[in-house]
Structures are given as structure tokens and as C-alpha cells.
Amino acid sequence: MNNVAETGRRWCFADQLGPHFLDHPDQPVLLIESRAAFGRRRFHRRKAHLVLSALRHRAAELGDQAVFLQTRTYREALDTVTGPLSVCQPTSRAADSFVRSMPGVEVLPARGFCTDRAQFDEWARGQRTLLLENFYRDARRRFDLLMDGDEPAQGRWNFDADNREPAPKNTDTLGITAPWQAEEDEIDEQVRADLDRWEREGAVAFVGCDGPREFPVTATEAQSALQIFLRDRLPHFGPHEDAMLSGDRLMAHSLLSAPMNLGLLDPLECAYAAEDAYRGGHASLGSVEGYVRQLIGWRDYIWHVYWHFGADYRRRNALQAQAGLPDWFSDLDADAVQARCLRDVLAQVRDHGWVHHIPRLMVLSNYALQRGWHPAAVTDWFHRCFVDGYDWVMVANVVGMSQHADGGLMATKPYAAGGAYINRMSDYCGQCRYHPSERVGELACPYTAGYWWFLHRNRRRLEGNRRMNQPLAGLRRLKDVDEVVAQQRRLGQAAP
């Protein structure tokens with residue numbers, strides 16, 4: 001092994017745990033478990049378990065190659081470390097500022113993403129607007145992914161239109177092979193015991209329910225989960241990736257966002273592996289393109305937006321949404337909710353700390369947008385309550401995408417929708433006490449009524465957006481709009 005003086009010790013944060021964060025397999029490593037990080041906010045219990053389990057598993061893997069320090073703060077740990085120290089750029093602005101303030105720490109370019117920041121900035125300088133589709137096509141060309149020479153495979157860049165099929169009728173599930181299953185070990189047992197003790201001592205407080213670990217915590221486990229997805233689930237992914245079934249919370253999704261955001265998987269390697277499945281005839285181009293788009297397109301795009309628009313981006317509030325989150329939502333009290341889709345999705349967050357992207361956007365975020373909850377509070381809730389949630393993930397996804405708080409820098413119109421959308425894309429509405437076609441009265445769907453309340457409340461702010469012309473024209477034709485608004489104001493923060 002090269003000694004520390006020759007190579008320097010690599011400090012790896014808990015979301016930098018894969019081998020690709022080291023310059024060579026034998027590089028000395030520093031790992032720090034900071035208890036204070038869990039005491040500042042009420043994270044989901046499953047998220048705390050996953051992060052600590054992954055960090056401790058990595059320390060066990062590395063053995064004497066790593067210095068593993070369990071301290072109250074990062075600064076306390078660093079005060080005990082001597083010799084050259086380097087770190088790949090952290091994924092949050094706070095952590096990035098902290099490591100750059102530490103004397104003697106070399107900050108390297110970020111890893112764990114496909115497009116580096118210099119490439120993105122060069123691309124962005126040539127764009128009038130930072131459209132995801134343009135960035136994605138540029139990345140496809142640069143990485144030669146799903147390309148036939150200079151043209152996209154089968155002559156199509158985008159299979160979104162084919163991948164928006166509604167939930168299949170007369171079935172509770174897609175009926176496909178289950179994803180990779182975790183097996184807990186002694187490290188998981190110790191993590192759980194420590195979290196229990198910390199709670200008893202009052203050092204930390206969590207939301208959500210504890211339960212068996214569901215996601216990989218080592219690179220080996222993550223590779224196994226990837227191979228099962230590629231073999232058994234990717235072929236079914238595309239058509240129903242935007243659909244919801246009450247009896248199938250996982251659908252054909254990969255469930256790889258959590259290990260990828262821990263740094264256990266290289267997203268570009270995953271994208272090439274998915275392309276191999278297409279080239280080998282094991283999965284359709286539509287399903288593979290949809291997955292590759294998530295990796296080299298959306299995930300990278302969200303990362304770069306977080307940095308590109310500056311530190312003030314997280315504080316944007318173009319729609320002047322000021323309401324706080326109600327307790328039933330903050331505390332994941334799904335039992336207080338009667339609306340079937342929201343009750344089921346909130347229960348999934350409570351019990352698992354994860355739902356796929358459509359419940360996030362069209363059930364949880366859509367509800368928050370309609371009611372004018374403050375985007376910073378919504379961002380914080382997603383960060384704390386999701387096992388794959390990190391600052392860089394949620395700021396752009398919530399402020400830009402789901403709450404339209406950036407005024408359209410990311411999305412050309414707000415992602416607001418009424419009950420008709422949920423009825424079309426899921427099986428929730430048939431057995432719900434509310435009716436998606438009703439907007440007033442005891443049977444009024446909270447999403448249908450909330451949609452018109454949102455438009456009415458923001459009509460002046462949205463009237464300059466040509467993509468909102470049709471919805472706003474519909475609002476003007478609504479004869480009972482005053483009744484809808486009065487009803488929604490009366491309901492206030494009550495659980496629907």
C-alpha cells in the first residue's frame with residue numbers, strides 16, 4: 001500500500017461511499033460519523049438507519065485502510081487528524097463551505113455524477129434557456145449512449161409519449177419480479193440499538209416508522225440490486241413509469257436512487273449497463289431510454305441547477321406561498337387523511353421513507369402547491385423524510401419543479417393538476433369517498449377543488465404564461481369559483 005504521505009488520505013462523506021471516490025483501491029480513507037448531524041432536524045428513522053449503516057459498513061470493509069471517527073461534530077473529528085487530506089466536493093453548499101474553510105484540506109472536483117460542472121457551465125453559456133431536453137441530448141452525444149452514429153437509436157431521442165400509459169385496469173399490481181431484498185446483519189442491529197438509545201436520551205427525534213432495511217448499504221449489495229433490476233424489472237419499466245397502483249407501491253421502478261445517492265453506484269456505469277440490456281435484446285428501447293434519461297439527464301440536471309442558479313435559489317418564492325405545513329403532514333399522520341391517494345402515499349412515506357416520482361410530484365407536491373405551503377418548508381420536509389433525499393436533490397426538485405417557486409427557470413408551467421389526472425393515472429379514485437369530478441360539497445375531491453383554488457389565487461402571477469392561457473380561460477368560465485374558494489379557505493389546514 002502507498003503510504004499516507006505519498007497519496008494523502010481521502011475524506012469521504014456518507015454520500016461518497018463507493019470505490020469511485022478513491023484515486024486507487026488502497027488509498028487511505030477518513031470516515032466521520034457526526035451525531036450532531038442527526039440532532040439538528042427530525043429525519044426519518046429509516047433514513048438515519050440507512051446512512052449510518054452504509055457509513056459503518058464502509059468502515060468495516062476498509063478495515064485498517066480507514067480511520068473511522070465517531071464524534072459529536074465533524075470539526076471535533078478533524079482536530080484529531082494529521083497529514084495530507086483531500087475530499088471530493090461535497091454535495092451541499094453548507095458542507096462545501098465547511099470543507100473549504102478547513103486549512104490543509106484539498107477540495108477536488110465532485111464525483112458521482114456524469115457531467116462535470118465545467119462541462120455544464122460550457123453548455124449553459126450557449127443556451128437561451130436551460131431546457132432539460134437540450135441538456136439530455138447533449139449528454140447522449142457526449143457519452144455516446146443509445147446512439148447509432150450521429151443519430152439517436154431508432155431515430156428517436158425521447159419515448160416520453162410512449163411511457164405515460166395509465167395504470168392497467170382490473171389488477172392490483174404489475175405482477176413483475178420483486179426488487180433486490182436486503183438482509184440485515186450485526187451492523188444494522190447496532191445502528192438500531194444506537195438510534196433507540198439516542199432517542200431515549202433525547203439527543204435526537206425522528207419521524208416515520210422503523211422497519212427492516214430495504215436498500216443497499218454497500219457497493220456489492222448495490223451491484224446485486226442493479227443486476228436484478230436490469231434483468232427482471234427494466235424490461236417492464238417504461239410504459240407505466242408515470243402510473244400508480246394502490247396495491248403496487250414499487251411498480252417497475254429501480255429503487256436504486258438511495259444507494260446511488262449514497263455514492264455506492266456510478267450513474268454513468270448504470271446507464272451503459274442499461275444500454276447493454278437494449279443492445280442485447282433484453283429490454284425495449286423505450287424502457288431503457290426512460291431509465292437513461294433519469295440518470296444522465298434529470299439527475300445530473302438537478303445537481304447542476306442546484307449550483308448554477310446560486311445560493312439564493314433555495315429562497316425563491318415566485319408565487320408568494322406563505323402557509324406552513326400542517327402537523328398531520330409534517331408528522332406523517334396518514335391515518336388522519338381520508339383522501340385515498342394522499343392517505344396511501346403519506347403512509348408509504350411514514351412506513352418506508354420512499355415513494356416513486358409520480359406520487360412525489362402529483363400527490364404530495366401537487367397538494368402542497370395547491371395550498372400555498374412555503375416552498376422552503378416543503379423542501380425541508382422532502383429532504384428529511386425521504387431516504388434518498390439530500391439538499392442538492394430536493395432544492396431544485398421542489399423549488400424549481402414541483403412548487404414553481406423559481407418563476408419558471410426550470411419548468412415552463414406549474415405542475416398543478418386536479419383529480420382527473422390522478423383518476424386517469426391510478427386506481428385510487430374508484431374507492432375514495434371523494435369524487436374527482438366534484439369541486440364543491442362533501443364529495444368534492446381535494447385535488448380538483450384545490451386546483452381551481454390554486455389558479456384563482458395565482459391568476460395574476462400566471463396570466464403572462466402562454467401555457468396557462470387555457471387553464472385560466474377555464475377558470476374564468478367557472479360559475480361556482482367563489483364557492484370553491486370559500487370552501488377551500490374554510491377547510492384551511494385540515495386533513496382532507
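Select R9 in strand 1 and L85 in strand 4 to begin, since this is where R9 stands opposite L85. Strands here, like helices, are DSSP runs numbered from the N terminus, a strand being E over at least two residues and a helix being H or I over at least four. The model on the screen is predicted, so local features need pLDDT of at least 70 and side-chain atom pairs count only at pLDDT 80 or more, while totals for chains, interfaces and linings use all residues. Residues are numbered from 1 along each chain as its sequence is written, and side-chain values use heavy atoms, with hydrogens and water left out.

**Strand 4 and its partners**

Widen the selection to strand 1 and strand 4, which pair in the parallel sense over three bridges; two strands count as paired if DSSP finds at least two bridges between them. Adding strand 5 shows that strand 4 pairs with strand 5 as well, again in the parallel sense, over four bridges. Within this pairing L85 stands opposite V105, and S86 has E106 as its bridge partner.

Now show the side chains of strand 4: L85 and V87 point one way, S86 and C88 point the other way, and all are buried. Buried means under 20% relative accessible area, exposed means over 50%, and partly exposed lies in between, with a 1.4 Å probe and protein chains only. In a regular strand the side chains alternate between the two faces of the sheet.

**Helix 5**

Move on to helix 5, residues 93-101, which together with strand 4 and strand 5 makes a right-handed β-α-β unit. To check the hand, look with the strands pointing away from you: it is right-handed if the path from the first strand over the helix to the second runs clockwise.

Which residues of helix 5 are buried? They are A95, D96, F98 and V99. Seen down the axis of helix 5, these buried residues fall within an arc of 165 degrees, so they line one face of the helix; the arc is that of the directions from the helix axis to the C-beta atoms. To see what covers them, select the elements in contact, where contact means heavy atoms within 4.5 Å; the cover includes strand 1, helix 4 (74-78), strand 4, strand 5 and helix 12 (285-308).

**Two single residues**

Go next to P168, in the loop between strand 7 (151-152) and helix 8 (186-201). P168 counts as partly exposed because its relative accessibility is 25%. Apart from residues up to four places away in sequence, P168 touches L174, H240 and L245.

Then select R360, which lies in helix 15 (residues 357-371) and is buried, with a relative accessible area of 14%. Leaving aside neighbours within four places in sequence, the contacts of R360 include W354, F382, D388 and M394. Measuring from C-alpha to C-alpha in the viewer, you should find R360 and L346 to be 9.7 Å apart, though they are 14 residues apart in sequence.

**The whole chain**

Finally, zoom out to the whole protein chain, whose secondary structure comes to 22 helices and seven strands. The C-alpha atoms fill a box of roughly 75 × 60 × 45 Å, taken along the principal axes. Buried residues make up 57% of the 496 residues.
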